[in-house]
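This report introduces a protein structure to a reader who has not seen it before. It begins with one of the pockets and then turns to the chain as a whole.

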Amino acid sequence: MSDASDEGRLRVTASRVVYENRWMRLREDATLLPDGTPGIYAVVEKAPAAVIIPRADDHVWLVEQYRHPVGERFWELPQGAWDDRPDAPAEELARGELAEETGLRAGCMERLGRMFFAYGISDQRFDVWLATELTEGEQALEETEQGLRVGRFAVTDVEAMIRDGRIADAATIAALSLARMRS
């Protein structure tokens, strides 16, 4: 008798790295479905990430940056991963990304939950953090974050930005929804 958690599970018969750089690895698995049907599955492997909601009163800080895969600039919550330190403590990662992208330091960080960016194609998970008791400092942007802008918005304006498409990042919308459910 099989465990319900194994229902539909693929069996990997072989695996190979198709492509790799400092930010990600693309793996292709040869698989067998439960009925024995062979197949292949591509998996993007990435370091764990943090998505941070910097909030003070009824305002949230967002960052806007150009996203090359879609060829547009969008507003989103500060977020990122430390590819060179995938085992970094989750709160240290969140605090680091917040300071790097916005210059903000949080007196209080509350972990709201864990999600995945796109578990149909990637193993990358992210923890959602609510950052409060904020103080301003200097940004420490990476080379790849050139042109990143920071803005402080009323929560009602953020909701309007989601509705009109200025915020289209799924992780941002999911994190804000999680925070709303927790409040």
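## Pockets and overall build

In the second largest pocket, β4 (49-56), β8 (104-116), α2 (155-164) and α3 each contribute two or more residues to the lining. The model described here is predicted. Among these elements, α3 gives the most to the lining of the second largest pocket, namely six residues. The volume of this pocket is about 380 Å³. Its lining comprises 17 residues, of which R55, V155, L176, A179 and R180 are the closest to the centre.

The largest pocket encloses about 1300 Å³ of space. It is lined by 34 residues, and those closest to its centre are K46, Q65, R67, E76 and Q79. At least two lining residues of the largest pocket come from each of β5 (59-67), β6 (72-76), β7 (79-81), α1 (90-102) and α3 (170-182). The helix α3 thus appears in the lining of the largest pocket and also in that of the second largest pocket.

The following table sets out the composition of the two linings.

| Pocket | Nonpolar residues | Polar residues | Charged residues |
|---|---|---|---|
| Largest pocket | 15 | seven | twelve |
| Second largest pocket | ten | two | five |

The chain as a whole provides the setting for these pockets. The protein chain contains three helices and ten strands. Read from the N terminus, its elements follow the order β-β-β-β-β-β-β-α-β-β-β-α-α. The C-alpha trace spans about 55 × 35 × 35 Å along its principal axes. Of the contacts in the chain with a separation of 6 or more, 57% are between residues 24 or more positions apart.

With regard to exposure, 37% of the 183 residues in the protein chain are buried. The accessible surface of the chain comes to about 11000 Å², and carbon and sulfur atoms account for 51% of it.

One residue may be considered individually. L148 is located in the loop between β9 (125-136) and β10 (149-154). Is L148 buried or exposed? L148 counts as buried because its relative accessibility is 8%, and buried means under 20%. Leaving aside residues up to four places away in sequence, L148 touches V63, E64, Q65, E101, Q139 and L141. One of these, Q65, is also among the residues closest to the centre of the largest pocket. The C-alpha atom of L148 is separated by 18 Å from that of R105, a residue 43 positions away along the chain.

Conventions
Residues are numbered from 1 along each chain as its sequence is written. This is a predicted model: local features need pLDDT of at least 70, side-chain atom pairs count only at pLDDT 80 or more; totals for chains, interfaces and linings use all residues. Side-chain values use heavy atoms; hydrogens and water are left out. On a 1 Å grid over the protein atoms alone, a cavity is a set of points where a 1.4 Å probe fits but cannot get out, and a pocket is an open set with protein on both sides within 12 Å along at least five of seven lines; lining residues have an atom within 4 Å of a point. Grid points are joined across faces, edges and corners, and a volume is the space filled by probe spheres set on the points. Helices (H or I, at least four residues) and strands (E, at least two) are DSSP runs, numbered from the N terminus. Ala, Val, Leu, Ile, Met, Phe, Trp, Tyr, Cys and Pro count as nonpolar, Asp, Glu, Lys and Arg as charged, and the others, Gly among them, as polar. Buried means under 20% relative accessible area, exposed over 50%, partly exposed in between (1.4 Å probe, protein chains only). Contact means heavy atoms within 4.5 Å. Accessible areas come from the Shrake-Rupley method with a 1.4 Å probe; for residues, only the protein chains shown count as cover.
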